[in-house]
Amino acid sequence: METYSTLREFADSWFLIAMFAFFLGASIFAFWPSLRSDRENAAGIPLRDDETALCHKNCATCSCKISFELEQKNG
C-alpha cells in the first residue's frame, strides 16, 4: 500500500498542477490573436467545394467534369 499512497499523493498535488498548467497553455495557444486566420481557415474546411471551384468544366478528360455530369444526371 505504500506505493499506492505515494502515487495518490503525487496525483492529488503535483500532477493536478501540471494538468492545469497544460490546460492553460493549450487554451492560450488556441485563442492566440495572431492565429485567428488559421482558425478561420480551419473552420471553413467543411464548407469548401474545392473540386468544383477550381474546375471550369470544359475539358473532356477532367475527373471533375465526369463527377459533375454524374451529379447532373442523378439530380
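Let's start with Glu 40, which is partly exposed at a relative accessible area of 49%. Keep in mind that the model here is a predicted one. Glu 40 has a partner: its side chain meets that of Arg 36 in a salt bridge, at 3.0 Å from N to O. Arg 36 itself is exposed, with a relative accessible area of 53%. Why do the two carry different labels? Exposed means over 50% relative accessible area and partly exposed is the class below that, so 49% and 53% fall on opposite sides of the cut-off.

Both Glu 40 and Arg 36 sit in helix α2, which covers residues 36-43, and they are four residues apart, about one turn of the helix. Here is a handy bit of background: an α-helix has 3.6 residues a turn, so residues three or four places apart point the same way.

**The other salt bridge**

How many salt bridges does the count come to? It comes to two. Besides the one in α2, there is a bridge between Asp 12 and Arg 8, whose closest N and O atoms are 3.1 Å apart. Asp 12 and Arg 8 are both in helix α1 (residues 2-30), again four residues apart, or about one turn of the helix. Asp 12 is partly exposed, with a relative accessible area of 48%, and Arg 8 also counts as partly exposed, at 45%.

Here are the two bridges side by side:

| Salt bridge | N to O distance |
|---|---|
| Asp 12 and Arg 8 | 3.1 Å |
| Glu 40 and Arg 36 | 3.0 Å |

**A look along α1**

Now for helix α1 itself. At 1.5 Å a residue, its 29 residues should span 42 Å, and the end C-alpha atoms are 40 Å apart, which agrees. There's also a kink in α1: about 40°, centred on Ala 11.

**Rings and a nonpolar patch**

The structure holds one aromatic pair. Phe 10 and Phe 15 make it, with 6.4 Å from centre to centre and 35° between the planes, and the pair is tilted. Why tilted? Planes under 30 degrees apart would count as stacked and over 60 as edge-to-face, so a pair in between is called tilted. Phe 10 is partly exposed at 44% relative accessibility, and Phe 15 is partly exposed too, at 42%.

Those two phenylalanines turn up again in a nonpolar surface patch of about 670 Å², together with Trp 14, Leu 16, Ile 17 and Met 19. Ile 17 is found in helix α1. Is Ile 17 buried or exposed? Ile 17 is exposed, with a relative accessible area of 52%.

**Stepping back**

What about the protein as a whole? There are four helices and zero strands, and reading along the sequence gives the pattern α-α-α-α. Buried residues make up 4% of the 75 residues. The accessible surface comes to about 7,000 Å², and 66% of that belongs to carbon and sulfur atoms.

Terms used
Residues numbered from 1 in each chain as written. Predicted model: local features only at pLDDT ≥ 70, side-chain atom pairs only at ≥ 80, totals over all residues. Heavy atoms only, no water. Phe/Tyr/Trp six-rings, centres within 6.5 Å; stacked < 30°, edge-to-face > 60°. Buried < 20%, exposed > 50% of the residue type's maximum accessible area, 1.4 Å probe, protein only. Helix = DSSP H or I, 4+ residues; strand = E, 2+ residues; numbered from the N terminus. Areas by Shrake-Rupley, 256 points an atom, 1.4 Å probe, with all protein chains shown as cover. Salt bridge = Lys/Arg side-chain N within 4 Å of Asp/Glu carboxyl O. Patch = residues over 30% accessible without salt bridge, like charges linked within 9 Å, V, L, I, M, F, W, Y side chains within 5 Å. Expected span 1.5 Å × (residues − 1). Bend = angle between axes of the 7 residues up to and from the residue.
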